[in-house]
Amino acid sequence: MFGKKGEPRTKRTLVDFRRMKAKGEKLTWITAYDLPLAQCAEAAGIDMILVGDSGGMVQLGYQTTNPVTMDEMITLAKAARKGAPNTFLVGDMPQGSYEVSKEEGIRNAMRFVKEAGCDAIKLEGGRRVADKVKAIAEAGILVIGHLGLTPQSTASFGGYRVQGKTIGGFEEVVEDALALQEAGIFCLLLEAMPTQPAAKLAQKLKIPVYGIGAGTDLDGQLIIMHDLLGLYASFRPWFAKCYIPQAAQRYEAHLAANPDLRKLGREDRADGLGYIAAEAISIYVDEVRSGAYPGEEYSYPLKAEELAELTRSKYW
Ligand code: KIV
């Protein structure tokens, strides 16, 4: 364990997620695609890990998530599971693994569970994939929906653009979310939406709604590991906070307090990058739980006239 940060703990369950929502406790969620960073996330006490198809970009070097294959996702998920045996692990269905038929969707979702030891799967899309969601959920696999900016469909959005700012866009997302809830998802991830429409949408659902770039008022928060660590050179969305500056300060204090770092490195793995990454993730965990992150600073703004238009929606 990096720096012996946390006590071994039991894996979170669906019951915990519902209880946390009921009590207003924010869920903490991060991506991981390999053994060491999954270990860091578990050591930092994260609630949930996503083996995202973003791993195709940040780990495998593709330009987008579209080329990622199911076999590649299984390899990444197996490594993450080995690193985080006691953390709720979600496998992200890559493009092409669930759209063709319900049977293929079930087969591939089942691979995440049986081959990689995942606890749930996530997939992108709303009404167009609701039949696949229902089939996978009825096969006994926990499903997470993903709406708003869905990276597998960026070509149809005209790039990475903030969603839900117009009446039309907002109503589409609400209808997709209601269809997914009906189809059996146990929670929803919203990506790249301003706080107000994201929160309004969440109020319409019974299930927990988590956000990545979706403002301050949801039930929990996801971040991409490589954004949090400042480890992806090509791109970083501005709603993603890099926690290395804060972790570096803690590391400096740790160095000052522990002159015999060689011993700590050998016994506690508390001398190097793993220690710093676990510190960075644990600061993220604390900030999400306290509500300090994302805050307004890391949320998309909405102009007064855009909000005024949205309030005329039948779903407002
Ligand atoms: O693949 C991923 O990491 C994701 C997030 C961008 C939400 O789906």
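How far is an oxygen atom of the ligand from an N or O atom in the side chain of aspartate 92? In this predicted model, the distance between an oxygen atom of the ligand and an N or O atom in the side chain of aspartate 92 is 3.1 Å.

## Polar contacts of the ligand

Aspartate 92 is joined by two further residues whose side chains approach ligand oxygen: for aspartate 53, an N or O atom of the side chain lies 2.8 Å from an oxygen atom of the ligand, and for lysine 122 the corresponding distance is 2.9 Å. The ligand, which taken alone exposes 260 Å², has 96% of that area buried by the protein.

## The ligand shell

The site occupied by the ligand is the largest pocket. The residues that surround the ligand there are Thr31, Leu50, Gly52, Asp53, Ser54, Asp92, Lys122, His146, Leu189, Glu191, Leu222 and Ile224. By residue class, this shell divides into 4 nonpolar, 4 polar and 4 charged members, and Asp53, Asp92 and Lys122 are among the residues that compose the shell.

## Cysteines and disulfides

The structure holds 0 disulfides. Cysteine 187 takes part in none, and the cysteine sulfur nearest to it, belonging to cysteine 118, is 14 Å away. Cysteine 187 has 0% relative accessibility, and therefore it counts as buried, the cut-off for that term being under 20% relative accessible area.

Cysteine 242 is likewise in no disulfide, and for this residue the nearest cysteine sulfur is that of cysteine 40, at a distance of 14 Å. A disulfide would require a pair of cysteine sulfur atoms within 2.5 Å.

Notes:
Residues numbered from 1 in each chain as written. Predicted model: local features only at pLDDT ≥ 70, side-chain atom pairs only at ≥ 80, totals over all residues. Heavy atoms only, no water. Near = heavy atom within 4 Å. Polar contact = N/O pair within 3.5 Å; in protein donor to acceptor, adjacent residues only side chain to side chain. Areas by Shrake-Rupley, 256 points an atom, 1.4 Å probe, with all protein chains shown as cover. 1 Å grid on protein atoms, 1.4 Å probe; cavity = no way out; pocket = protein on both sides within 12 Å on 5 of 7 lines; lining within 4 Å. Sits in = over half its atoms within 2 Å of the grid points. Nonpolar A, V, L, I, M, F, W, Y, C, P; charged D, E, K, R; others polar. Buried < 20%, exposed > 50% of the residue type's maximum accessible area, 1.4 Å probe, protein only.
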